[in-house]
Amino acid sequence: MTDVMREAMARLSRVKGVRGAMVVDPEAGVPVTTELAAGVDGRAVAALAASLFQRAGQALRASGHGALATAQLEAEAGHVLAVEADPLLVVVVAEPRAQLGLIRVEAQRAAEEMQ
Amino acid sequence: MRRADIGRLSGKLEEPMQWFVSEARVRVAVLVNRSGQVLAQHGFASQYDVANVAALAAATHSSAHALAELTGAGRWMHLHHAGHDRQLFLAPFRTPAEDLILVAIFDEESTLGLVQLFFDRFAEMVRAIPDFQVTLERSDAESFESDLEAGLDRLLSEPPPEA
């Protein structure tokens, strides 16, 4: 399983514009496997992305929309994408001009491989 | 640490402690030194609880330190215990004044990752306080017990914070 996660994150990190890809334990908010460019604080991203994903998931469930599958944050300096890979989470940090469609497909593929 | 120092330093720790509790979303937190003197706390209902946790934290720090040396693991970073409903996080950090230990208890409102993240920032905030950048005089044998209780006396004289 560890090899599957590592290979999936290595593949994701090779997508143009990706600055970091990691598998996160959402219950603990800690990274399990990471492929990060210099300057990306994996621990901080893992903790905050997991917290955000869980909060958003709670809000969706409370409003009757079911479980959260994907969360995507867009900011001036880049994107953060989180995809559920029950019981884990795939988190990707990308540059503003990254190919988001491709990143989403690869992140989803990684999540499916890990489930 | 002497009684006079504790009174002075505790006041300066209130803001970073409140910040940590709020950001990390922990239920209970206490900051102690290696002697078990309480410098700041949040969420404890009684002096008895704070004193017990402070003493156990200091003892745990000593045990973990000894174990880390014995096994060649170097300085230990943190201890995490995941209980059924609540989790315990215990971590030491260094300041020029002395080594301090933060104990935090949290539930499903937070995660280990969040607590770790904001602990690192809390430690930086404490180190940035000028009073923690100088070496402090240690208690002597005669005044140790009185100095040990100084933090508890101070905490008890204040209204208990909301849990």
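This report describes helices, strands, loops and a chain contact in a predicted model with chains A and B.

**The sheet of chain A and the helix across it**

Chain A contains an open sheet of 5 strands, arranged in the order β2-β1-β5-β4-β3 and paired in the antiparallel sense. At the edges of this sheet stand β2 and β3 of chain A, each of which pairs on one side only, and the twist from one strand to the next averages 15°. Strands of a sheet pair through backbone hydrogen bonds, and this pairing may be parallel or antiparallel. In the case of β1(A) and β2(A), which run antiparallel, 6 bridges join the two strands, and Asp25(A) stands opposite Val30(A) in β2(A).

Helix α2(A) lies across β1, β2, β3, β4 and β5 of chain A, and its direction makes an angle of about 65° with β1(A). Which residues of α2(A) are buried? They are Val45(A), Ala46(A), Ala47(A), Ala49(A), Ala50(A) and Phe53(A). The cover over these buried residues includes β1 (18-25), β2 (30-36), β3 (70-75), β4 (78-85) and β5 (88-94) of chain A, and it also includes α3 (112-128) of chain B. Just after α2(A) comes Gly64(A), which takes a positive phi of about 80°.

**Two helices called α2**

Each chain has a helix α2, and the table sets out the expected span of each helix beside the distance between its end C-alpha atoms.

| Helix | Residues | Number of residues | Expected span | End C-alpha distance |
|---|---|---|---|---|
| α2(A) | 42-62 | 21 residues | 30 Å | 30 Å |
| α2(B) | 47-71 | 25 residues | 36 Å | 36 Å |

For α2(A), the reasoning is that 21 residues at 1.5 Å a residue should span 30 Å, and the end C-alpha atoms are 30 Å apart, which agrees. For α2(B), the 25 residues should span 36 Å at 1.5 Å a residue, and the end C-alpha atoms of this helix are 36 Å apart, which agrees. In α2(B) the buried residues are Val50(B), Ala51(B), Val53(B), Ala54(B), Ala57(B) and His61(B). After α2(B) comes Gly72(B), whose phi is positive and near 70°.

**Two helices of chain A side by side**

Two packed helices are described by the angle between their axes and the distance between the axes. The axes of helix α1 (residues 2-13) of chain A and helix α3 (residues 100-114) of chain A come within 10 Å and cross at roughly 175°. Because of this angle, α1(A) is roughly antiparallel to α3(A). On the side of α1(A), the contact involves Val4(A), Met5(A), Ala8(A), Arg11(A) and Leu12(A), and these meet Glu106(A), Ala107(A), Ala110(A), Glu113(A) and Met114(A) in α3(A). The residues of this contact divide into 7 nonpolar, no polar and 3 charged.

**Hairpins in chain B**

In chain B, strand β3 (residues 79-82) and strand β4 (residues 87-94) pair in the antiparallel sense over 4 bridges, and the two strands form a hairpin with 4 residues between them. Within this pairing, His81(B) has Leu88(B) in β4(B) as its bridge partner. Strand β4(B) is also joined by 8 bridges to strand β5 (residues 99-106) of chain B, and these two run antiparallel. Here too a hairpin makes the connection, joining β4(B) to β5(B) through 4 residues, and Arg94(B) has Asp99(B) in β5(B) as its bridge partner.

**Single residues and the contact between chains**

Where in chain A is Pro87(A) found? This proline is found in the loop between β4 and β5 of chain A, and a cis peptide bond, with omega about 10°, joins Asp86(A) and Pro87(A). In strand β4 of chain A is Glu84(A), which counts as partly exposed because it has 19 C-beta neighbours inside 10 Å, whereas a buried residue needs 20 or more. Leaving aside residues up to four places away in sequence, Glu84(A) touches Leu68(A), Ala69(A), Leu89(A) and Ala111(A).

In chain B, Arg25(B) lies in the loop between α1 (3-24) and β1 (28-33). Although Arg25(B) is not a glycine, it has a positive phi of about 55°, and with 18 C-beta neighbours inside 10 Å it counts as partly exposed.

The contact between the chains takes 10 residues from chain A and 6 residues from chain B. On the side of chain B that touches chain A, the residues divide into 3 nonpolar, 3 polar and no charged.

Technical notes:
Residues numbered from 1 in each chain as written. Chains lettered and ligands numbered in written order. Predicted model: local features only at pLDDT ≥ 70, side-chain atom pairs only at ≥ 80, totals over all residues. Expected span 1.5 Å × (residues − 1). Buried ≥ 20, exposed ≤ 12 C-beta atoms within 10 Å, placed from the backbone. Contact = placed C-beta atoms within 7 Å. Nonpolar A, V, L, I, M, F, W, Y, C, P; charged D, E, K, R; others polar. Axes fitted to C-alpha atoms, helices over the stretch in contact; angles between N-to-C directions. Parallel < 35°, antiparallel > 145°, perpendicular 65-115°, else oblique. Pairing = 2+ DSSP bridges.
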